[in-house]
Amino acid sequence: MLKQSLILAISSLVLATTLVSPAIAAPADFIGIWVNKDSNTRRVTRLVITAAGDKLNI
């Protein structure tokens, strides 16, 4: 019983790690003007993101 449970747990872990892929985004994906659509916000309402070489500026 313990051996079957261990095999099932390891198999589940292997399957989960195989199916999950990391999220990858390039810096260029963030460049632009981002506007908060929540009209009731009191905080950040707009961001302008630009690139300078290999760095992003907000």
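Val35 is found in strand β1. The model is predicted. Val35 counts as exposed, because its relative accessibility is 53% and the cut-off for exposed is over 50%. In β2, Val35 has Arg46 as its bridge partner. Leu47 is twelve residues away from Val35 along the chain, with 6.5 Å between the two C-alpha atoms.

**Strand β1 and its partner**

Strand β1 covers residues 32–35, and Trp34 belongs to it. How exposed is Trp34? Trp34 is partly exposed, at a relative accessible area of 43%. Its bridge partner in β2 is Leu47. Strand β2 takes in residues 46–52 and pairs with β1 over four bridges, in the antiparallel sense.

Trp34 and Leu47 also share a surface patch. This patch is nonpolar, and its other members are Phe30, Ile31, Val44, Leu56 and Ile58. Together the patch residues have about 670 Å² of accessible area.

**The sheet**

How are the strands ordered in the sheet? The order is β1-β2-β3, in an open sheet of three strands with antiparallel pairing. The edges are held by β1 and β3, the latter spanning 55–57. Each edge strand has a single partner, so one side of each lacks a neighbour in the sheet. From one strand to the next, the twist averages 25 degrees.

The pairing of β2 with β3 is antiparallel too, and runs over three bridges. Here Ala51 stands opposite Leu56 of β3. Leu56 is also one of the residues in the nonpolar patch. The β2 and β3 hairpin has two residues between the strands. In this hairpin, Gly53 takes a positive phi near 70 degrees.

The bridge partners named here are set out below.

| Residue | Partner | Strand of the partner |
|---|---|---|
| Val35 | Arg46 | β2 |
| Trp34 | Leu47 | β2 |
| Ala51 | Leu56 | β3 |

**The loop before the sheet**

Where does Ala26 lie? Ala26 is in the loop that links α1, residues 2–19, to β1. Ala26 is partly exposed, with 36% relative accessible area. Ala51 is 25 residues from Ala26 along the chain. Their C-alpha atoms are separated by 12 Å.

**The whole chain**

The protein has one helix and three strands. Along the sequence the pattern reads α-β-β-β. Why is the protein described as more spread out than a compact globule? Its radius of gyration is 22 Å, and the globule rule gives 10 Å for 58 residues; the value is well over the rule, so the protein is more spread out than a compact globule. The C-alpha atoms fill a box of roughly 60 × 35 × 10 Å along the principal axes.

Burial can be stated for the chain as well. Of the 58 residues, 2% count as buried, where buried means under 20% relative accessible area. The accessible surface of the protein is about 5700 Å². Carbon and sulfur atoms account for 64% of that surface.

Conventions
Residues are numbered from 1 along each chain as its sequence is written. This is a predicted model: local features need pLDDT of at least 70, side-chain atom pairs count only at pLDDT 80 or more; totals for chains, interfaces and linings use all residues. Side-chain values use heavy atoms; hydrogens and water are left out. The radius of gyration is taken over C-alpha atoms; the globule rule is 2.2 Å times the number of residues to the power 0.38. Buried means under 20% relative accessible area, exposed over 50%, partly exposed in between (1.4 Å probe, protein chains only). Accessible areas come from the Shrake-Rupley method with a 1.4 Å probe; for residues, only the protein chains shown count as cover. Patches are made of residues with over 30% relative accessible area and no salt bridge: like charges are joined within 9 Å, nonpolar side chains (Val, Leu, Ile, Met, Phe, Trp, Tyr) within 5 Å. A salt bridge is a side-chain nitrogen of Lys or Arg within 4 Å of a carboxyl oxygen of Asp or Glu. Two strands pair if DSSP finds at least two bridges between them. Axes are lines fitted to C-alpha atoms, for helices over the stretch in contact, and angles run from 0 to 180 degrees between N-to-C directions.
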